[in-house]
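Dear colleague,

I am handing over the structure below, together with some notes on its side-chain contacts and its surface. Please read the notes alongside the coordinates.

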Amino acid sequence: MDPNTLALVQTLAQGLLTGGIYALIGTGLSLIFGVMRVINFAHGDFLAVGMFIALFLFQRLHLDPYLSLLIAAPIGFGLGYLVQRFLLARLGDRLESSSMLATLGIGLIISNGLLLGFGAQPQSINVAYATKTFALGGIQISLPLLIAGLGTVLAIVLLNLFLYRTELGRAVRATAQNPLGAELQGVNTNWVQAVVFGLGVAFAVVAGVLLLPLLYAFPTVGENYTLKAFVVTVLGGLGNLPGAIAGGLILGIIESLGAYYLSNNYRDAYGLVVFLVVLLLRPEGLFGRTVKRV
């Protein structure tokens, strides 16, 4: 394989693995919107919560960040459930119109709470595999990035099994398609929405834990990922779970190709340019008409 082709394959592999993390973040946001018609602007802040949970457990208990997923994911679900049940649910019929201000406020509370609890200084963990790579077919793969990609696949598979193989999953899909019809069939849509918000937050928390070996943790780290999650969901189509996965992979590839062939300094800008183009030419998203919702 000639050097140019090898570099392209290396860039694409890096983009796919990074895009897998974006897909995980976007899936949680898209799930919430698909059922509740609410865009969670605190999504990235919940991701930061996941990073700091893993950081705290590593510093105090010396627990490996990947093992801390067993603790962080349930905490994330419980936090999301409580936020929906006791804060967002109180907005009632005004939820869709007021959700932006409500979730922005929740995000500010979270980021400032993390600032008070952990300080503004960026923090990281020191694990042996943080910088480890291995060769696969002539290309170098980051081990933490590969683990994050595999974690994304596992999380999405489990979500699909939940949605299509369980009674609660059928209730979630019924609520997404027709809330009034679901209520007439005996579905407690308020409870379903709380569960869905909890799942969406759990996805963000899991993504934060998976990112910790790769990034520094600081209270406002989630702001950039809220934007990326929004870009991913718009690319794939709001409320479209398969579209969110595709959108995440596309965003990861675009950023990696742009960083390699143009400039790494504008890495985040390349996705935004594609986002604006898609928004202008196809507002419903790239997969808005071809892939069904939840």
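Which residues are linked in a network of salt bridges? They are Lys228, Glu255, Arg267 and Asp268. Before the details, please note that this is a predicted model, in which local features need pLDDT of at least 70 and side-chain atom pairs count only at pLDDT 80 or more, while totals for chains, interfaces and linings use all residues. Residues are numbered from 1 along each chain as its sequence is written, and side-chain values use heavy atoms, with hydrogens and water left out.

Salt bridges

The structure holds five salt bridges, a salt bridge being a side-chain nitrogen of Lys or Arg within 4 Å of a carboxyl oxygen of Asp or Glu. Within the network, glutamate 255 meets lysine 228 at 2.6 Å, N to O, and this pair links distant parts of the chain, with glutamate 255 in helix α10 and lysine 228 in helix α9 (residues 222-236), 27 residues apart. Helices here are DSSP runs of H or I with at least four residues, numbered from the N terminus. Both glutamate 255 and lysine 228 are buried, where buried means under 20% relative accessible area, exposed over 50% and partly exposed in between, with a 1.4 Å probe and protein chains only.

Glutamate 255 also forms a salt bridge with arginine 267, for which the closest N and O atoms are 3.9 Å apart. Because glutamate 255 lies in helix α10 and arginine 267 in helix α11 (residues 267-281), this pair ties together parts that are twelve residues apart in sequence. The relative accessible area of glutamate 255 is 1%, whereas that of arginine 267 is 23%, so arginine 267 is partly exposed.

Outside this network, the side chains of glutamate 167 and arginine 170 meet in a salt bridge at 2.8 Å, N to O. These two residues are three residues apart in helix α6 (residues 167-177), so about one helical turn separates them. Glutamate 167 is exposed, at a relative accessible area of 59%, while arginine 170, at 37%, counts as partly exposed.

Aromatic pairs

There are six aromatic pairs in the structure; rings of Phe, Tyr and Trp (its six-membered ring) pair if their centres lie within 6.5 Å, and planes under 30 degrees apart count as stacked, over 60 as edge-to-face and the rest as tilted. One of them joins phenylalanine 52 and phenylalanine 118, whose ring centres are 4.6 Å apart and whose planes stand at 35°, so the pair is tilted. Since phenylalanine 52 lies in helix α2 (residues 43-61) and phenylalanine 118 in helix α4 (residues 95-118), the pair ties together parts that are 66 residues apart in sequence. Phenylalanine 52 is buried at 2% relative accessibility, but phenylalanine 118 is partly exposed at 29%. In addition, Phe41, Phe230 and Phe275 form one aromatic cluster.

Surface

Leu8, Leu12, Tyr260, Tyr261 and Leu262 make a nonpolar surface patch of about 500 Å². Patches are made of residues with over 30% relative accessible area and no salt bridge, like charges being joined within 9 Å and nonpolar side chains (Val, Leu, Ile, Met, Phe, Trp, Tyr) within 5 Å. Helices α1 (3-36) and α10 (241-261) each supply at least two residues of the nonpolar patch. Leucine 12, found in helix α1, is partly exposed, with a relative accessible area of 31%.

With best regards

Definitions and conventions:
Areas by Shrake-Rupley, 256 points an atom, 1.4 Å probe, with all protein chains shown as cover.
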